[in-house]
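Please open the model in your viewer and keep the selection panel at hand. The stops below are meant to be followed in order.

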Amino acid sequence: MTGLLLAAGAGRRYGGPKALVRDDEGTAWVRRRAQTLADGGCARVIVVTGAQSRAVQAELEGLDVDTVRAAGWEEGMGASLRAGLVAASSDGRLDAVLVALVDTPGLTPQVVARLVTKGSQDALVQACYDGEPGHPVLIGERHLRGVVDVAEGDRGAREYLRSHLVELVECGDVGSGEDVDEPGPGRPTLGS
């Protein structure tokens, strides 16, 4: 299973790339999420970079991850998703990709593990939290081309998921799907 971490955005509403935001222990979100994917059972982890790519890569030093810089990352999540899926499928041995976002601090290894068990070439699986669809999303090899074809702007795979039967897997008991777009009370800031 390949874990794909989308970490290319500039984080304009956050004040800088969310990949570089540090948690309470001082670990950058990009490093924490990449490790979470590995700890949850992803044998290979690919991190898609864009804004401040070198700084993001420096945060991953020492981890067994691959990185790919998304051309056109400024376009939005679609460009990052396309770049990551192309990189993940480049060796021709892919069965499924688990796509996660860098700005979901409630992602746990238990959530990842729950979805990894659903991995197959036909899989189209989405974590949900108290019944609400969220991330990560598991995309089987047979769906990759369709997702790549519709991934534009900030929509990512949304349109593809809406038009296909998606298995929802409840994960609210082992994690949170909160997608953090802006700093606020109790949330870490860049460089903290």
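This tour of a predicted model goes from the sheet to its helices and then to a single lysine.

Begin by displaying the strands alone: 7 of them form an open sheet in the order 3-2-1-4-6-5-7, and the pairing is mixed. To find the edges, select residues 66-69, which are strand 3, and residues 167-170, which are strand 7, each of these pairing on one side only. Looking across the sheet, you will see neighbouring strands turned against each other by 25 degrees on average, with direction ignored.

Next select residues 124-129 and 132-140, that is, strand 5 and strand 6, which pair in the antiparallel sense over 5 bridges. Within this pair, pick glutamine 126, whose bridge partner in strand 6 is valine 137.

Now add the helices. Helix 1, at residues 29-39, lies across strand 1 (2-6), strand 2 (44-49) and strand 4 (96-101), and runs at about 165 degrees to strand 1. Helix 3, at residues 77-88, also packs on the sheet, where it touches strand 1, strand 2, strand 3 and strand 4, its direction making about 155 degrees with that of strand 1.

For the last stop, select lysine 18, in the loop between strand 1 and helix 1. Is lysine 18 buried or exposed? Lysine 18 counts as buried because its relative accessible area is 13%, and the cut-off for that term is under 20%. Showing its surroundings, you will find contacts with residues that include Gly11, Trp29, Val102 and Asp103, while the side chain of lysine 18 reaches the backbone oxygen of valine 180 at 3.3 Å.

Conventions. Residues numbered from 1 in each chain as written. Predicted model: local features only at pLDDT ≥ 70, side-chain atom pairs only at ≥ 80, totals over all residues. Heavy atoms only, no water. Pairing = 2+ DSSP bridges. Helix = DSSP H or I, 4+ residues; strand = E, 2+ residues; numbered from the N terminus. Axes fitted to C-alpha atoms, helices over the stretch in contact; angles between N-to-C directions. Contact = heavy atoms within 4.5 Å. Buried < 20%, exposed > 50% of the residue type's maximum accessible area, 1.4 Å probe, protein only. Polar contact = N/O pair within 3.5 Å; in protein donor to acceptor, adjacent residues only side chain to side chain. Lists of a residue's contacts leave out its neighbours within four places in sequence.
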